[in-house]
Amino acid sequence: GFPTRYYPKAYRHKLVYTGVPIRKGFSDRHTLTDRKLFSLRRDMPVLLITGATQGSQLLNDTFKVIIPSLLGRMQIIHLTGAVHEKKFIAIRKTFPRSIASFYHLYGYLEHGMEAAVRSADCVVSRAGSSIAEFAAAGLPMILVPLPFTGGDHQLKNAEVYTREGAALTIRQQQLTPQRLLDTIHTLFDDPHRLAGLSCQAKLLAVPEATDNVVRVIEDVLYS
């Protein structure tokens, strides 16, 4: 999933860099239709929070503390995971009506993930394969890699994206509500830095990844 320079020299000659195949649509330019799908205002930035389909209890628990401090300055699309949705619906009911309308809560998105990613100005996420989708959209990332995954692949993903200037990484053991809040504010206070992260993310994207994988398979089968 990364350029061959990130792999041990001993077997780089055996590798072919294809990129990570993703669904079509993430690299499309965002439109007013995308924002209308989530009832988003055009004059306010959008933060996307996602822990993938199942959600992330740690991200959710950290994020719930700082939601009121963000709403109004930005709009939030929060994908909680289906099992956490009811809890956050109850939390939203405690918000003043003046800011609750800026909080767009979903357990998960069966359809429309591409539109959510295209609408966002920044994402807070784990560092699994979905980061390839964010890169295709040029979406700046704050990554909290899940530790103890196979081969510690999420940390490695986050390290590459951070080294390439496409993301900021907060290790799980260093994650606190204040650290997350400060990181979000720091980025949204600096449009030039957000733009730089976006440009670097796009450089990591490989829109033709699916075709590359097919070509490699065909070369192996028919050579």
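Begin by selecting S39, which sits in the loop between α1 (32–37) and β1 (46–50) of what is a predicted model. With a relative accessibility of 59%, S39 counts as exposed, since the cut-off for that class is over 50%. Its backbone also deserves a look, because S39 has a positive phi of about 55° although it is not a glycine.

Now zoom out to the whole chain, where 11 helices and 6 strands can be coloured. The radius of gyration of the chain is 18 Å, close to the 17 Å that the globule rule gives for 223 residues, so the chain is as compact as a globular protein of that length. If you draw a box along the principal axes, the C-alpha atoms fill roughly 65 × 40 × 35 Å. Colouring by accessibility will show that 47% of the 223 residues count as buried. Among the contacts between residues at least 6 apart in sequence, 72% join residues that are at least 24 apart.

Which residues of the largest nonpolar core touch the most other members? Select L47, F63, L70, I76, L180 and I184, which hold that position among the 33 residues of this core. The largest share of the core, 5 residues, comes from helix α9 (residues 177–188). Centre the view on L180 and display its neighbours: leaving aside residues up to four places away in sequence, L180 touches T62, F63, I66, V124, I142, I170 and L175. Apart from the largest core lies another one, of 30 residues, and L40, A120, A136 and M141 are among them.

Keep α9 on display and add helix α10 (residues 191–204), whose axis comes within 6 Å of the axis of α9 and crosses it at roughly 95°. That angle lies in the range of 65 to 115 degrees, and therefore α9 is roughly perpendicular to α10. To see the contact itself, show T186, L187 and F188 in α9, which meet P191, R193, L194 and L197 in α10. Sorted by character, the residues of this contact divide into 5 nonpolar, 1 polar and 1 charged.

For another helix pair, select helix α2 (residues 57–64) together with helix α4 (residues 85–92), which pack at an angle of about 5° with their axes 12 Å apart. Because angles under 35 degrees count as roughly parallel, α2 is placed in that class with respect to α4. On the side of α2 the contact is made by N60, D61 and K64, and on the side of α4 by K87, F88 and I91. Here the residues of the contact divide into 2 nonpolar, 1 polar and 3 charged.

Next, go to S129, found in the loop between β4 (122–125) and α7 (131–136). S129 is exposed, with a relative accessible area of 59%. Add V20 to the selection and draw a line between the two C-alpha atoms: S129 and V20 are 109 residues apart along the chain, yet these atoms are separated by 7.9 Å.

The last stop is N212, which belongs to helix α11 (residues 209–222). Is N212 buried or exposed? At 9% relative accessibility N212 counts as buried, because the cut-off for that class is under 20%. Showing its surroundings brings up T18 and V206, which N212 touches when residues up to four places away in sequence are not counted.

Definitions and conventions:
Residues are numbered from 1 along each chain as its sequence is written. This is a predicted model: local features need pLDDT of at least 70, side-chain atom pairs count only at pLDDT 80 or more; totals for chains, interfaces and linings use all residues. Side-chain values use heavy atoms; hydrogens and water are left out. Axes are lines fitted to C-alpha atoms, for helices over the stretch in contact, and angles run from 0 to 180 degrees between N-to-C directions. Helices (H or I, at least four residues) and strands (E, at least two) are DSSP runs, numbered from the N terminus. Angles under 35 degrees count as roughly parallel, over 145 as roughly antiparallel, 65 to 115 as roughly perpendicular and the rest as oblique. Contact means heavy atoms within 4.5 Å. Ala, Val, Leu, Ile, Met, Phe, Trp, Tyr, Cys and Pro count as nonpolar, Asp, Glu, Lys and Arg as charged, and the others, Gly among them, as polar. A nonpolar core is a set of buried Ala, Val, Leu, Ile, Met, Phe, Trp, Tyr and Cys residues joined through side-chain atoms within 4.5 Å. Buried means under 20% relative accessible area, exposed over 50%, partly exposed in between (1.4 Å probe, protein chains only). The radius of gyration is taken over C-alpha atoms; the globule rule is 2.2 Å times the number of residues to the power 0.38.
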